[in-house]
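Reader: I am new to this model and would like a close look at one part of it. Please start with a single strand, then follow what surrounds it.

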Amino acid sequence: MQDRELEERLQAALDEAQVTRRALLRRGFVAGAGLTALPALLAACGGGEEAGTGTGTAGGLTEPPANGADINIDDLIAAAKNEGAINTIALPPDWANYGEIMETFQSKYGLKLTNASPNASSAEENQAVQSLKGQSRAPDVLDVGPSFAVEGKEKGLYANYMNSYWDTIPDDLKDADGAWVGDYWGAVSLAANTKVAPLPQTWADLKKPEYKGKVALNGDPRESGSAFAGVFAASVANGGSLDDIQPGIDFFKELKDLGNYIPVDATPATVANGQTPVTIDWDYLQIAYGAEFKSNIMWEVTVPADAVVGNFYCQAINAEAPHPFAARLWQEFLYSDEGQLLWLKGFSHPARFQDMSDRGVVPQELLDRLPSAELYADVQFPTPEQNEAATKVIADGWGAVGG
């Protein structure tokens, strides 16, 4: 099906909600035995009301709200338009369909969106909140890995806000106080430009001579959520577990000693120009590269069966956001059916998928573009406690790999 026709069908589904139901469980993204941190995704979530169904407050908003269900969406839109702008950070346009998401938000609400440092890491996002405190160019909203979200809350960097879709978001994907909320998840995958090297089917394959000088991570695991998850997956594949990430560090040290691992951050540019022909990254990013760069590379992707590890990213609002109303409107948009489907279009798995699936608003054509269900049958997700423990081990031990 052509993209234009898919766009029309997707919009019709949003407008009419008459598409045949197909639950996430049937696609097999998550299966009972494999889940450790997201069991709520296997059960239907309640609710499903659109933003703006709350009673609202007469006369508009004078203070940034803490709960989206208690306000009228028109009041929030008016307050955001009065601010006139929103500052995002670290949102690459080709990451999880963020390009279209940002364009749609700007068009829908008429706000000027400034996206700083598109390739910044989660650690750099939190640092920007601190270093730009009180400045008009400080980020209003963030999209960070779970361990960095926990850190941001502990440091008091985030405002508490429960968007109006809160009850339809699984408990394991949100902070109880509203400091952060999971937005989408992916699984660690291996990919290769098969013009240069064969697609590795297991983590052990990466030790083979044909991968010398070719294997790259998406960043430094001390700063990057995707690289952090890559080390977790390597650990699971090499005798470790989500409780023991050290074997993953040892694995990359071995790859480095063999000359296979290269300290180059894998990005769309390095994939397209051939600098990183074999990459370890989120499935939704790798899958998108295959179509985006098909004119100059032959790109294949797999989620290796010896370690199916996933993790999610988190939305957060700067506690001292220069545009606090626009920041809350950003969350309302992202967690609406429209925003969630735009993430799904980018091959990531949005937080409210189950609720939308139960209500029959996910186009079948969009589901059919997603990877095989079997790839995700045994997916594992680290708990916040496991993430926190692993973060400390990575901080102490990654120097043997990355200096």
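How many bridges join strand β5 (residues 181–193) to β7, and do the two run parallel or antiparallel?

Author: Five bridges join β5 to β7, and the two strands run antiparallel. The model is predicted, so local features are described where pLDDT is at least 70 and side-chain atom pairs where it is 80 or more, while totals for chains, interfaces and linings take in all residues. Numbering starts from 1 along each chain as its sequence is written, and side-chain values rest on heavy atoms, without hydrogens or water.

Some setting comes before the detail. The protein has 16 helices and ten strands; these are DSSP runs, numbered from the N terminus, with helices being H or I over at least four residues and strands E over at least two. Of its 403 residues, 57% count as buried, a word that stands for under 20% relative accessible area, with exposed over 50% and partly exposed in between (1.4 Å probe, protein chains only). Among contacts (heavy atoms within 4.5 Å) between residues at least 6 apart in sequence, 75% join residues at least 24 apart.

Now the strand itself. Within β7, five of its five residues are buried. Two strands are paired when DSSP finds at least two bridges between them. On the β5 side, V188 has W282 of β7 as its bridge partner. Strand β6 (residues 215–217) also pairs with β7, through three bridges, but here the strands run parallel. V215 has V278 of β7 as its bridge partner.

I280 shows what the covering of this strand looks like for one residue. I280 lies in β7, which spans residues 278–282. With a relative accessible area of 0%, I280 counts as buried. Apart from neighbours within four places in sequence, the contacts of I280 include V188, S189 and L190, and V215, A216 and L217 are among them as well. W203, L206, N218, G230, F252 and Q286 are also in contact with I280. A233 sits 47 residues from I280 along the chain, and their C-alpha atoms are 9.8 Å apart.

The chain leading into the strand is also covered. T276 is placed in the loop between α9 and β7. Its relative accessible area is 0%, so T276 is buried. Setting aside neighbours within four places in sequence, T276 is in contact with K214, A216, I262, V264, A266, T270, V271 and W299. A216 thus appears in the contacts of T276 and in those of I280.

Helix α10 (residues 283–292) holds Y284. The buried residues of α10 are D283, Y284, L285, Q286, A288 and Y289. An α-helix has 3.6 residues a turn, so residues three or four places apart point the same way. The cover over the buried residues of α10 includes β5, β7, α9 (268–272), β8 (299–302), β9 (310–318) and β10 (349–350).

Rings come next. Across the whole structure there are 24 aromatic pairs, meaning rings of Phe, Tyr and Trp (its six-membered ring) with centres within 6.5 Å, called stacked under 30 degrees between planes, edge-to-face over 60 and tilted for the rest. W95 and Y284 make one edge-to-face pair, because their ring centres are 6.1 Å apart and their planes meet at 70°. This pair links distant parts of the chain, 189 residues apart: W95 is in the loop between β1 (85–89) and α4 (98–109), and Y284 is in α10. W95 is buried at a relative accessible area of 13%, and Y284 is buried at 1%. F252 and Y261 form another edge-to-face pair, 5.7 Å centre to centre with 75° between the planes. Both of these residues, F252 and Y261, are buried, and F252 is one of the contacts of I280. Ring pairs also link W95, Y98, Y184, W282, Y284, Y313, Y335 and W343 into a cluster.

Last comes β8, where V301 is found. V301 has a relative accessible area of 29%, so it is partly exposed, whereas I280 is buried. Not counting residues up to four places away in sequence, V301 touches S189, L190, A191, L199, Q286 and I287. V301 and A191 are 110 residues apart in sequence, with 4.3 Å between their C-alpha atoms. S189, L190 and Q286 are among the residues touched by V301, and they are also among the contacts of I280.
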